[in-house]
Amino acid sequence: MKYNNIITKQENNAFIITINRENKLNALNIETLQEIKHAVLSVQNNKEIRGIILTGKGNKAFAAGADIAEFKDFNDEQGTKMSIDGHSVMNTLENSKIPTIAAVNGFSLGGGNELAMSCHIRIASENAKFGQPEVNLGLPPGYGGTQRLVQLIGKGRALELLITADIINAQQALEYGLITKIVPIENLLEYCKELINKITEKSPSAVAKVIECVNKHFESTQSGFETENKEFGNSFGTSDFIEGTNAFNEKRKPKF
Ligand code: COA
């Protein structure tokens, strides 16, 4: 598939999606979001791909938000549709069977930060900056930000950021738990690829089950526990389970 706003590339077991609107600070117009969704879905059954990296072109922005120029004249109905369609993109990343990593290489604002928060792991460069500045535009976040920010950093910190539109740096984001690591920008992609190398050594079916169970927690803890019961049970007899337990007994590394 030919994309207009993103670049996709496979490198070993990593699938890298780069938002390619550098002169607009990788602002997310609707087409870009749909392309990201398409790209993520396109590799779900590709057994070679063991991790997806999402990043922005250049060294200034991951994504500086939804494309304001595109939505500024929207009416209520168009706004609601924009939000619903945006949620579907974010849910696609969050529910991906293959782990998704946001390599945050600069501004991660508004819809850009909502995109990063929909990924399973967030790694940032030293110059990264995070925020939900929508209240400056007379809007609340519309791509899940009011929920995922609370999930990741807690209600008090989330409300402060959402209400003040404050922008925080990478160090603060690390302290808040919004990201898990800061690396120099020149090492950002390499670090994320190493993470995928590590994940590649693990059972892909077990990794997918972990993602599913953790996501279910946010429906309800009960639902999370029940999913864990089911998926734990479903693992027995799978080829990954046989390989993993045989490898342990034979004192060798498993090959998944
Ligand atoms: N939507 C559309 N275009 C955007 C954008 C967005 N969210 N963010 C940046 N751009 C565009 C700018 O309009 C500008 O385009 P132009 O050169 O055609 O005028 C270009 O990207 C560069 O941005 P600029 O504002 O000149 O860069 P800066 O370094 O002075 O400021 C920011 C960087 C991130 C502080 C500033 O761009 C900004 O505040 N962006 C909007 C952030 C936001 O509110 N996001 C939430 C949207 S839901």
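Which residue in β2 does I7 stand opposite? T18 is the residue that I7 faces in β2, and the first view below starts from that pair. Please keep in mind that this is a predicted model.

**View 1. Strands β1 and β2 form an antiparallel pair.** Here we look at β1 together with strand β2, which covers residues 14-19. The two are joined in the antiparallel sense over six bridges, and I7 and T18 can serve as a landmark, since I7 stands opposite T18. Two residues lie between the strands of this hairpin. N12 is worth a look here, as N12 takes a positive phi near 50 degrees. As a reminder, strands of a sheet pair through backbone hydrogen bonds, either parallel or antiparallel.

**View 2. Six strands make up an open sheet.** Following the sheet across, you meet its strands in the order β1-β2-β3-β5-β7-β10, and the pairing is mixed. The edges belong to β1 and to β10 (181-183), each of which pairs on one side only. On average, neighbouring strands of this sheet are turned by 20 degrees against each other, direction ignored. Within the sheet, β2 pairs with strand β3 (residues 51-56) in the parallel sense, over six bridges. To find your place along that pairing, look for I19, which stands opposite G56 in β3.

**View 3. Helix α1 lies across β1, β2 and β3.** This helix is made of residues 30-42 and runs at about 175 degrees to β2. The loop between β2 and α1 holds N26. Although N26 is not a glycine, its phi is positive, at about 60 degrees. Is N26 buried or exposed? N26 is buried, with a relative accessible area of 0%.

**View 4. K9, E11, E190 and K193 are linked in a network of salt bridges.** Start with K9 and E11, whose side chains meet in a salt bridge of 3.0 Å, N to O. E11 also forms a salt bridge with K193, where the closest N and O atoms are 2.8 Å apart. This second pair links distant parts of the chain: E11 belongs to strand β1 (residues 6-11) and K193 to helix α8 (residues 188-200), 182 residues apart. How accessible are the partners? K9 counts as partly exposed at 46% relative accessibility, and E11 is partly exposed at 24%. K193, on the other hand, is buried, with a relative accessible area of 15%.

**View 5. R252 and E243 form a salt bridge.** The closest N and O atoms of this pair are 2.8 Å apart. R252 counts as partly exposed, at 35% relative accessibility, whereas E243 is buried, with a relative accessible area of 17%. If you would like the wider setting, a search of the whole structure finds 12 salt bridges.

**View 6. Four strands form an open sheet with mixed pairing.** The order of the strands is β4-β6-β8-β9. β4 (61-63) and β9 (168-169) each have a single partner strand, so one side of each is left without a neighbour in the sheet. β4 pairs with strand β6 (residues 107-109) in the parallel sense, over two bridges. A handy marker for this pairing is A61, whose bridge partner in β6 is F107. Helix α4 (residues 111-118) lies across β4, β6 and β8 (129-131), running at about 95 degrees to β6.

**View 7. A165 sits in the loop between α6 and β9.** Helix α6 covers residues 155-164. What is the phi of A165? The phi of A165 is positive, at about 65 degrees, although A165 is not a glycine. A165 counts as buried, at 9% relative accessibility.

**View 8. F232, F236, F241 and I242 make a nonpolar surface patch.** The patch has an area of about 400 Å². One of its members, F232, lies in helix α10, which covers residues 221-235. F232 is exposed, with a relative accessible area of 56%.

Definitions and conventions:
Residues are numbered from 1 along each chain as its sequence is written. This is a predicted model: local features need pLDDT of at least 70, side-chain atom pairs count only at pLDDT 80 or more; totals for chains, interfaces and linings use all residues. Side-chain values use heavy atoms; hydrogens and water are left out. Patches are made of residues with over 30% relative accessible area and no salt bridge: like charges are joined within 9 Å, nonpolar side chains (Val, Leu, Ile, Met, Phe, Trp, Tyr) within 5 Å. Accessible areas come from the Shrake-Rupley method with a 1.4 Å probe; for residues, only the protein chains shown count as cover. A salt bridge is a side-chain nitrogen of Lys or Arg within 4 Å of a carboxyl oxygen of Asp or Glu. Buried means under 20% relative accessible area, exposed over 50%, partly exposed in between (1.4 Å probe, protein chains only). Two strands pair if DSSP finds at least two bridges between them. Contact means heavy atoms within 4.5 Å. Axes are lines fitted to C-alpha atoms, for helices over the stretch in contact, and angles run from 0 to 180 degrees between N-to-C directions.
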